[in-house]
Amino acid sequence: MVNRFRFSYPGYSETFTGFFDPQIKSNGFKPNPNTTVFEWLNKDSAYRGRVTAYATWNAFRRIINTERSGVPVYDGWDKGAAPFADDKSTLLQELYRTTTQLWRDVAFDALMQQSVVVQMNTAMPKVLFMGYGETDEYAHSGRYDLYLRSAQQVDRYLSQLWSRFQADPRARNKVTLLISTDHGRGRGAEWTDHGEEVNGAEYIWSAAIGPDIGALGVRRNSPTQQAQMAATIAAALGKDWRSAEPQAAVALPIFKN
């Protein structure tokens, strides 16, 4: 990552915009003054009204700046499920309202996963962001057992979504899935933490699968940056994010020639 802060809001802003903004130096920062790739896509006639975000952490409505961007963001406990008029949506809204909150600003991944499934059943977006958050919370709590369990569960969630796409003739071999993290974690005894003074927290990982993604396998020590994800999201759709945001980093070199 380029940003030196090594925590969530600066990391996600860099991921979504393609550059590091040094004024964003707290998780409580105001709505993002920078345009994200999601906002840009939502203003494109081909994607207008078809860009959606779901997350467990309630800061994403600020990071994506939903009021200005027009991108609906369903996050946290108070706005985790879209208000669709069906029984499952009603049940999910009730579960978000009545479930005991282990963390005040982060809901459970399982609830978000089901909210996304409802979204896909009701109105399939063309661009969908999902932000899982349990692993970070369990790591901060020093619960390595639950940290691993949550990471494995996210693997299962992604497998569920990918299998669903591949089983749908409308989506089969047409979907690109990009996965990344907002920051790394410390080494050794510092594994529970991250931040500007935590060694190792500057290292993240990314993964990609899709019809236009080359079969590159596992690549270690690759000179890539978190800031490259914004242009990569656009490139997966055949768009050039840097034409709108010249200071953004180039897309990851993962696409077939």
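# A guided tour, stop by stop

Start by selecting V37, which you will find in helix α2, residues 37-42. Keep in mind as you go that this is a predicted model.

**Stop 1: V37 and its neighbours**

Is V37 buried or exposed? Its relative accessibility is 0%, so V37 counts as buried. To see what surrounds it, show the side chains of F16, A230, I233, A234 and W241: V37 is in contact with these residues, once its neighbours within four places in sequence are set aside. For a sense of scale, draw a distance from V37 to L95. The two are 58 residues apart in sequence, and their C-alpha atoms are 31 Å apart in space.

**Stop 2: helix α9**

Now colour α9, residues 228-235. Among the contacts of V37, you have already met A230, I233 and A234, and these three are also among the buried residues of α9. How many residues of α9 are buried? The count is 7 of 8, so the helix is largely enclosed by the rest of the structure. Besides the three just named, the buried set includes Q228, M229, A231 and T232. Show α1 (8-17), α2, β4 and β5 next, since the buried residues of α9 pack against these elements.

**Stop 3: the second largest pocket**

Stay with α9 and add β5 (206-209): each of them supplies at least two residues to the lining of the second largest pocket. Rolling a probe the size of a water molecule over the atoms shows where empty space is left. Here, the volume of the second largest pocket comes to about 830 Å³. Which residues should you select to land at its centre? Try W205, S206, R219, S222 and T224, the closest to the centre among the 26 residues of the lining. The largest share of the lining, 3 residues, comes from β5.

**Stop 4: the parallel sheet**

Switch to a cartoon view and pick out β1, β2 and β3. These 3 strands make an open sheet with parallel pairing, in the order β2-β1-β3. The edge strands are β2 (73-75) and β3 (127-131), each of which pairs on one side only. From one strand to the next, the twist averages 10°.

Next, zoom in on β1, residues 51-55. With β2 it pairs in the parallel sense over 3 bridges. Two residue pairs make good landmarks here: Y54 has Y74 of β2 as its bridge partner, and A55 has D75, also in β2. Turn to the other pairing, and you will find β1 and β3 joined in the parallel sense over 5 bridges. On that side, select T52 and look for L128 of β3 standing opposite.

In a regular strand the side chains alternate between the two faces of the sheet. In β1, V51, A53 and A55 lie on one side, with T52 and Y54 on the other, and all are buried, which leaves both faces covered. With 5 of its 5 residues buried, β1 is therefore largely enclosed by the rest of the structure.

**Stop 5: helix α6 across the sheet**

Leave the sheet on screen and add α6, residues 109-122. This helix lies across β1, β2 and β3, and runs at about 160° to β1. What span should you expect for its 14 residues? At 1.5 Å a residue they should span 20 Å, and the end C-alpha atoms are indeed 20 Å apart, so the two agree.

Like the strand beneath your cursor a moment ago, α6 is worth colouring by burial. It is mostly covered, with 10 of 14 residues buried. Select D109, L111, M112, Q113, S115, V116, V117, V118, Q119 and M120 to display the buried ones. Their cover includes β1, β2 and β3, together with α5 (87-98), α7 (134-140) and α8.

**Stop 6: two asparagines with positive phi**

Finish with two residues in loops. Select N65, in the loop between α3 (60-63) and α4 (66-69). Its phi is near 55°, a positive value in a residue other than glycine. N65 has a relative accessible area of 9%, so it counts as buried.

Then move to N173, in the loop between α8 (144-167) and β4 (177-180). Phi is positive for N173 too, near 60°. Is N173 buried or exposed? Its relative accessible area is 51%, just past the cut-off of 50%, so N173 is exposed.

Methods
Residues numbered from 1 in each chain as written. Predicted model: local features only at pLDDT ≥ 70, side-chain atom pairs only at ≥ 80, totals over all residues. Heavy atoms only, no water. Pairing = 2+ DSSP bridges. Helix = DSSP H or I, 4+ residues; strand = E, 2+ residues; numbered from the N terminus. Axes fitted to C-alpha atoms, helices over the stretch in contact; angles between N-to-C directions. Contact = heavy atoms within 4.5 Å. Buried < 20%, exposed > 50% of the residue type's maximum accessible area, 1.4 Å probe, protein only. Expected span 1.5 Å × (residues − 1). 1 Å grid on protein atoms, 1.4 Å probe; cavity = no way out; pocket = protein on both sides within 12 Å on 5 of 7 lines; lining within 4 Å. Points joined across faces, edges and corners; volume = space filled by probe spheres on them.
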